Each structure stands twice: as C-alpha cells, then as structure tokens.
Amino acid sequence: NRRESKYKHEKIGDIIIPELDWNPTIINSQGEEIVYQRPFVWSLQEKQLLIDSIYNNIEIGKVVVRLRSWNWVENRLKQNKIEHTAFKQIVDGKQRCNTILEFIKNKFPDSYGNYWDDLSDIAKRKFFSFRYITYGELGENSTDEDVLNTFLCINHTGTPMSPEHIEFIKSLKVK
C-alpha cells in the first residue's frame, strides 16, 4: 500500500510476518545464518536508467523469489528467529524491485526530472502495464545450495558484484 507505506504481511499471534524478505539468508555448514545479498547499491543514474527502460519497453531481466512454507515460518518462530522470516525471499532482482518501489514512492525523479506524482494518470497506467520482466520462483523444497547456485548463475548484469563478493558467495558451504 503506497499511501501507507505498508507491505503485505501475515500476523501470527502478535508477530507480523512480512510477505517478502529483502535480505534473505542461507545456513552455512557451521549452522550460521548468513545474509548473502548485497545492500542496496544502485546509484541515482542506474535507477533512472531502469525507469527509462520501463518507459521504453526494454526488457529488464528476471526477478527470482524463493517460496517458504507455512511450516518453515512456524518453525522459525518456535526458535524465536523473527528477523529474515518471511513467506518469500528475493533471490535476484533486489535492486530493480527496490528501484521501482522507490520511484512510485517519489523517492527520486526519472531522467527527465519527473517524480511519480508528476506523471499523468495515462503515463502511470502505461508504467504499470509494463510486461518486459520475467518472474521465477524457487519452490518451498529448494535448498540453500539451489539458492546460491541460482544467485550466482543469473546475477551478472547491472552493478557488477565485486570479485570479493563473488568469492564470498562461492565460499558459503551449506548444510
């Protein structure tokens, strides 16, 4: 809900479980929970280029989400692991999804200097009718190894990951 800056969620008891975790984790071979995604790193220019691509109907890549089961969420809550507990985890497309959300929340202007609220209703409808993005899901039974392999295989455009970050991902050993 853009007006209230709220995202879809479920409430279990007094705990709010978000639909999406922007900083997903894997469990390494030592049993530690590790965040494998980078923080938000795109510059204003990169964000504006993505918005321009949407304006011009240029394909912007794939967003991949890992689904988590209700049982997985409940088990995490029983272990008192609230942080990083969600029904979906964004495996690839974090920068792009965040950019689109920030734009429609008027956080930055497009390359023409227009904020979302400056656009006509027709332009907003056209923006939302954009279809040149692919969406994929890793099922509830996907392993942490599946997630890391997927992340490494498709995360090769946009702001490149540093060699150090690529080596960090490769070094993660999962249970």
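The questions and answers below concern a predicted model and ask what lies behind the terms used for its parts.

Q: Why is Lys 62 called partly exposed?
A: Lys 62 has a relative accessible area of 39%, and because partly exposed covers the range between under 20% for buried and over 50% for exposed, Lys 62 falls into that middle class. The residue lies in strand 6, where, leaving out residues up to four places away in sequence, Lys 62 touches Asp 92, Gly 93, Arg 96, Thr 134, Gly 136 and Ile 154.

Q: How do you know that Lys 62 and Ile 154 are apart in sequence but in contact in space?
A: The two residues are 92 residues apart in sequence, while their C-alpha atoms are 8.3 Å apart. Ile 154 is also among the residues that Lys 62 touches, and contact here stands for heavy atoms within 4.5 Å.

Q: What makes the buried residues of helix 5 lie on the same side?
A: In helix 5, which runs over residues 144-154, the buried residues are Asp 144, Val 147, Leu 148 and Phe 151. They cover an arc of only 95° around the axis, and therefore they sit on the same side of helix 5. In general, an α-helix has 3.6 residues a turn, so residues three or four places apart point the same way. Among the elements that cover these buried residues are strand 4, strand 6, strand 7, strand 8 and helix 6.

Q: What makes the span of helix 1 close to the expected one?
A: Helix 1 has twelve residues and reaches 16 Å from its first C-alpha to its last, to be set against the 16 Å expected at 1.5 Å a residue. Its buried residues, including Leu 50, Ile 51 and Ile 54, pack against helix 3 and helix 4.

Q: Why is the set that includes Trp 42 and Phe 130 called a nonpolar core?
A: This set has twelve residues, namely Trp 42, Leu 50, Ile 51, Ile 54, Ile 60, Phe 103, Ile 104, Phe 108, Trp 116, Leu 119, Phe 127 and Phe 130, and it earns the term because a nonpolar core is made of buried residues of such types joined through side-chain atoms within 4.5 Å. Helix 1 and helix 3 each supply at least two residues of this core, and helix 1 gives the most, with three residues.

Q: What makes the phi of Asn 57 worth noting, and where does this residue lie?
A: Phi of Asn 57 is near 55°, a positive value in a residue other than glycine, and the residue lies in the loop between helix 1 and strand 6. Most residues other than glycine have a negative phi. Asn 106 likewise has a positive phi, of about 65°, although it is not a glycine, and its place is in the loop between helix 3 and helix 4.

Q: Why are strand 3 and strand 8 called edge strands?
A: Four strands form an open sheet in the order 3-7-6-8, with mixed pairing. Strand 3 and strand 8 each have a single partner strand, so one side of each is left without a neighbour in the sheet, and both therefore stand at its edges.

Q: How do you know that strand 6 and strand 7 pair?
A: Four bridges join strand 6 to strand 7, which run antiparallel, and because pairing asks for at least two bridges, these strands count as paired. The bridge partner of Leu 67 in strand 7 is Lys 88.

Methods: Residues are numbered from 1 along each chain as its sequence is written. This is a predicted model: local features need pLDDT of at least 70, side-chain atom pairs count only at pLDDT 80 or more; totals for chains, interfaces and linings use all residues. Side-chain values use heavy atoms; hydrogens and water are left out. Buried means under 20% relative accessible area, exposed over 50%, partly exposed in between (1.4 Å probe, protein chains only). The arc is that of the directions from the helix axis to the C-beta atoms. The expected span of a helix is 1.5 Å times one less than its number of residues.
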